[in-house]
Amino acid sequence: MTFEAELYWGGAGLIALWLAAFGIALAATRNGAVEAAPATQEFGPEPESPAVVALLANRWRSVDRAAAATLLDLAARGLLELRQPADDPAHSTVHLTGKDAADLTTYERRVLARVAERAGETGAPIGAIAFRGEERAKAWNGALRQEIVVEARRRGLSRTRFAPLLATALFMTLFAPGALFGVAAVSGGHGIRGALAVAVLPALPLMWLLARSLGERATPRGLERAGHWAGVQAWLHAHEEFAQLPPAAVTVWDRYLGYGTALGVTSRAGRLLGFDAGDKRRVWSSYGGTWRPVRIRYPRLRPGFGATTARLLQLACAAGVVAVGLYLFAVLRQPDWAVTTGPDADHSLRRPGLLLSAGWVGIALLGVLVAGRFGRWTLFVAFLALMPGNFGSAHGWLGHAMDRSGPLVGETVAIVCFGALAAYYLTLAVLERRAPHTVTGEVLRMEPRRRESAPRFLALDTGDADRTVAWALPPEAPAVTPGSVVRLAVSPATRAVRSADVVTG
């Protein structure tokens, strides 16, 4: 065995040893079993907050339902008021009471601040608490989790899964296999770049495994308290109506509703009180003076959406090239182009199926090229499109199609469709030359697209309707913050935003 092979085998052995040590560490630090106490309605002399209970109920993995449970607990303690004016609990509103909040924890202050931000002095629908963007929702909930974990550790209920020394040792040793691989690559005559790639590659999956395992685990005290709250959970489950209680029922059930949400018993209230990114198609807005839900439509399949005049002309040319190309191909082709008889008819490059499919695919590729969408997968898709004609028999419909004069039915439909599409793009290009319209409103959401080069969706509430269609914000334009009031210069034909000025942040 060569020296390089020994190094590679040594690196593989180190990976196996690291995985074995990692598995032992996981087994040694797993949570113990929670022994549920008898069903009880007692919280205890110094009960944990519903947010901390949510951590215990989720086996120290997450704090799902903690924000909603905290809001209900603040309402039970008189800092918030929940009202249900109609039969539908989704239309419940939340209001500040002005009660002193000096004794609140950091995460309770965070929840109260979010409610105050949305409710103001007049109150707000509970659906308005949700955030209008994924990034802000993740950042807010991540900070909330850290604050809850700090409280759980302070009470002796939680601790880091891996001790600092163990975590450091696992992190440092995961680079050892890569070091051997890198030395082997250099010794084998490979360049520095190749050696670095070989050295870093095995560390990435190991680092991912380690990062996913870092978190919290129970302490003996934590397991004891989790068992107690399992008993409270059993007592709440005994009340069949408890799961469907609306948020406003906190006036009757007091703190039990918050703890029931933390324990996953009060599913209805927890579902209505969302502190996530919310529904991007239905957003609560107070722009115009009153709170109301605004439904948003995103025109994802609209041709020419957000396109500039130059881009519209380019697309019109591409559609026109396809329409004209198909027409000329249908009119000019002759039956004697194809070979249908003879011993080599089925293998000739001039067999009818291959001629027709090659003509259609060639015209399509030309249109794609003119449209500026020719990519690395285009040729592969074109090759697959040739397959039906490549294997088509000369005696099938493809063979008879060459004997016909003029466009086939499918070709006629395609010519009409692409011709109409070219006329549509030209019409949009003419309309784009008009002076832009000005609209002012509150930004409801900013939604990205899959392609970074595509315009982003900007949903605007102008205050005069309960439905809106998103505008197209160019990718090079600076993003605007949801909740800010902006003045847009827009082109209604393509729904493109030409300029955006922030009126109030």
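A residue counts as buried when its relative accessible area is under 20%. Threonine 219 has a relative accessibility of 11%, so it falls on the buried side of that cut-off. This comes from a predicted model, and that goes for everything described here.

Where does threonine 219 sit? Its place is in the loop between β5 (216–218) and α10. Setting aside neighbours within four places in sequence, threonine 219 touches a run of residues from elsewhere in the chain: Gly156, Leu157, Ser158 and Arg159.

Now for the whole chain. Its secondary structure adds up to 18 helices and 13 strands. The radius of gyration is 33 Å, whereas a compact globule of 505 residues would come out near 23 Å. Laid along its principal axes, the C-alpha trace spans about 95 × 80 × 45 Å. Of the 505 residues, 43% count as buried. The accessible surface of the chain is about 26600 Å², and carbon and sulfur atoms account for 61% of that. Contacts tell another part of the story: taking those between residues at least 6 apart in sequence, 69% join residues at least 24 apart. As for charge, there are 54 positive and 41 negative side chains, and the centres of the two sets lie 5 Å apart.

Helix α12 (residues 255–262) is a good place to look at burial up close. Because 7 of its 8 residues are buried, α12 is largely enclosed by the rest of the structure. The buried ones are Tyr256, Leu257, Gly258, Tyr259, Gly260, Thr261 and Ala262. What do these residues pack against? Their partners are α2 (50–57), α3 (66–76), α10 (220–237), α11 (250–253) and α13 (267–272). Just after α12 comes glycine 264, which takes a positive phi of about 80°.

Two other helices give a feel for distances in the fold. Leucine 166 belongs to helix α6 (residues 164–173). With a relative accessibility of 33%, leucine 166 counts as partly exposed. Its C-alpha is 9.9 Å from that of phenylalanine 22, although the two residues are 144 apart in sequence. Serine 357, in helix α15 (residues 352–371), is buried, with a relative accessible area of just 6%. Serine 357 and threonine 105 are 252 residues apart along the chain, and here the C-alpha atoms are separated by 70 Å.

Finally, the cysteines. A disulfide is a covalent bond between the sulfur atoms of two cysteines. With a cut-off of 2.5 Å between the sulfur atoms, the count for this model is 0 disulfides. Cysteine 317 is in no disulfide, and the nearest cysteine sulfur, that of cysteine 417, is 19 Å away. Why is cysteine 417 not bonded to cysteine 317? The sulfur of cysteine 417 has its closest cysteine sulfur in cysteine 317, and because that is 19 Å away, the gap is too far for a bond. Both residues have some access to the outside: cysteine 317 is partly exposed at 46% relative accessible area, and cysteine 417 is partly exposed at 48%.

Note on methods. Residues numbered from 1 in each chain as written. Heavy atoms only, no water. Helix = DSSP H or I, 4+ residues; strand = E, 2+ residues; numbered from the N terminus. Rg over C-alpha atoms; globule rule 2.2 N^0.38 Å. Buried < 20%, exposed > 50% of the residue type's maximum accessible area, 1.4 Å probe, protein only. Contact = heavy atoms within 4.5 Å. Areas by Shrake-Rupley, 256 points an atom, 1.4 Å probe, with all protein chains shown as cover. Lys, Arg positive; Asp, Glu negative; His and termini not counted. Charge placed at Lys NZ, Arg CZ, Asp CG, Glu CD.
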